[in-house]
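Please consider the model shown below together with its sequence. The explanation after it moves from helices to loops, then to contacts, cysteines and empty space.

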Amino acid sequence: MVKSHVGSPYIYGIDALRFVCALMVTIFHLGFASWASPLYLRPYRMPTIENVAQPGWVGVELFFVISGLVIVNSAASASALSFLKGRILRLYPAVWICASLTLIVIATQDVNRRIIKNYLRSITLYPGGPWIDGQYWTLACEICFYALVFIMCATGQKTRLPALALGLSMASTAFIALLNAFPDSDGLTIFTETAWRAIPFYYGCQFAIGIYIWLLSLGRMSRISWVGLICALVTGAAQIYMAGENTSDRTLAAAGHSFSPFPALSIWVAGLISIVASVTYAKQISRLPAALLQSVKTLGSMTYPLYLLHFAIGVQLLDWLTALRMAPLLALALAVAIVCAMALAVCKWGEPPIRSILRLVFDRLGRRAAGFQTKASRV
C-alpha cells in the first residue's frame, strides 16, 4: 500500500509509474539490448525503434527512487519485525514463481549444474549472484537498502531517516566524483560492475531522492536536508549521464552508432516530476472512477513479476517467433504481451495463496514467541 503518511489516500500515480518503468526496461532489453549488445546478440534486428527503446534502461534508476519513497514510508509506521515481514511477503512469492518459470523456459534449451545453482541463488535472494536471469542484480541493491532501513527500525532510529538520506547523498556524491576523476580505477568500478554494486554508492543518490520526496510530502525538510537533496539531484543526474555513456559504449559495435545520454536524462527528470505530482495530487487522483483506479492498482501489482519475467523468457519468445518468420517488431509486440499476461497471472493467482501461507506461518511463529515470553515472565 503506497501512502504518503497515515490517513492519506492511496498514491495510484506511483503504481502507474512503476508499470511504465517496468515496460521501459522490458522494451530496452527485448527491443534493443537483445540484438544490439555484444553480450546478447540475436539473429534479429530492430533498428527502426532503437532510439525509442535504448533509453529505457533508466527505468531501473526510477525504480530505486520509488523504493526510497515507498520503503521509508512503510518503515515509518512499522516495527522492525513487521517491516521485515512485509518485505519477505513482498519479495519472495513472486521470486519463487518467476524464477521457476524462467528455469522451465531455459530448460528447453539447456540444463546444467550452473543453471541450478543460479536458480537456488535466485529463489533465496542471495545477494552475490549470479542469478537465473540478469536483472536480478537490482534486487541485491534493493535488499541492501532494505537492510539499512531495517537496522534503523531495529535500533529505534526511525526519527533519523533524514540522516540516512543525507548519508546516502554524501556517500554517492563522493563516489560518483571519484569515479568521474578515475574512471579506469579497478577499486571503484568493482562497485559498478560486480556484485559489490549492491552497496549503495553508485545508486545511493537515487534512493536518497526518494526519501527526500517523502520528507517533502510531510513538510519535514530541514536546511541540511535541502542541501542533501540538491547533492542527490546533481549526483543522480551525473550518474544517469555516466550510465548513458557506458550503455552507448557497450552497444556501439552492434548498433552501429553511439547514443546520447540526454534522452535517458530527460526521462529521469520527467519521472521525478511524475513521482512528486503523484504524491502531491494523490487526493485528487483518488477521486477518479473506481474501475480506472483498480486497473492502475493491478498494473502496479504486475510490475514486480513483469520485471522478473521479461528478460530470459522474452528473449526466448523472440527467438521462437522470429524463427517462425514473424517480423521482429510484431514478434516484440507479441512477446511483450505474453510476458505481461504472465505477470498478471502471477500477481492475481500465483502470489496471493503463497502470501497467505507465509502469513499463517508468521502468525503461528508470533503466537509461539508470545507464549514463550509469557511463560518466561511468570518464571
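The paragraphs that follow treat these topics in turn.

This is a predicted model, in which local features need pLDDT of at least 70 and side-chain atom pairs count only at pLDDT 80 or more, while totals for chains, interfaces and linings use all residues. Residues are numbered from 1 along each chain as its sequence is written, and side-chain values use heavy atoms, with hydrogens and water left out.

Helices come first. The assignment takes helices (H or I, at least four residues) and strands (E, at least two) as DSSP runs, numbered from the N terminus. The expected span of a helix is 1.5 Å times one less than its number of residues. For α3, with 18 residues, this gives 26 Å at 1.5 Å a residue, and the end C-alpha atoms are indeed 26 Å apart. Burial is expressed by relative accessible area: buried means under 20%, exposed over 50%, and partly exposed in between (1.4 Å probe, protein chains only). On this scale 16 of the 18 residues of α3 are buried, and the helix is mostly covered.

Helix α13 (residues 290-323) departs from the straight-helix value: its 34 residues would span 50 Å if straight, but its end C-alpha atoms are only 43 Å apart. Where does α13 bend? The bend is located at His310 and amounts to about 55°, where the bend at a residue is the angle between axes fitted to the seven residues ending there and the seven starting there. Because 24 of its 34 residues are buried, α13 is largely enclosed by the rest of the structure.

Two loop residues deserve attention for their backbone angles. Arg325 follows α13 and is found in the loop between α13 and α14 (328-378). Although Arg325 is not a glycine, its phi is positive, at about 70°. With a relative accessible area of 80%, Arg325 is exposed. Leu125 is likewise not a glycine and has a positive phi of about 55°. Leu125 lies in the loop between α5 (113-123) and α6 (137-154), and its relative accessibility of 9% makes it buried.

Some residues that are separated in sequence approach each other in space. Ala208 has its place in helix α9 (residues 204-218) and is buried, at 0% relative accessible area. Its C-alpha atom is separated by 7.8 Å from that of Leu164, which is 44 residues away along the chain. Leu233, in helix α10 (residues 223-255), is partly exposed at 32%. Leu233 and Cys205 are 28 residues apart in sequence, with 7.3 Å between their C-alpha atoms.

The cysteines can be examined next. A disulfide is a covalent bond between the sulfur atoms of two cysteines. Here it is defined as a pair of cysteine sulfur atoms within 2.5 Å, and a search of the whole structure finds zero disulfides. Cys231 is in no disulfide, with the nearest cysteine sulfur, that of Cys205, 11 Å away. Cys231 is partly exposed, at 23% relative accessibility. Why is the sulfur of Cys340 not bonded to that of Cys347? The sulfur of Cys347 is the closest cysteine sulfur to that of Cys340, but at 11 Å it is too far for a bond. Cys340 counts as buried, at 14% relative accessibility.

The last topic is empty space. On a 1 Å grid over the protein atoms alone, a cavity is a set of points where a 1.4 Å probe fits but cannot get out, and a pocket is an open set with protein on both sides within 12 Å along at least five of seven lines; lining residues have an atom within 4 Å of a point. Grid points are joined across faces, edges and corners, and a volume is the space filled by probe spheres set on the points.

The second largest pocket has a volume of about 940 Å³. Its lining consists of 35 residues, of which Arg18, Arg87, Arg90, Gly300 and Tyr304 lie nearest its centre. Elements giving two or more residues to this lining include α1 (12-36), α3 (59-76), α4 (80-107) and α6. The largest share, eight residues, comes from α13. In composition, the lining divides into 16 nonpolar, nine polar and 10 charged residues, where Ala, Val, Leu, Ile, Met, Phe, Trp, Tyr, Cys and Pro count as nonpolar, Asp, Glu, Lys and Arg as charged, and the others, Gly among them, as polar.
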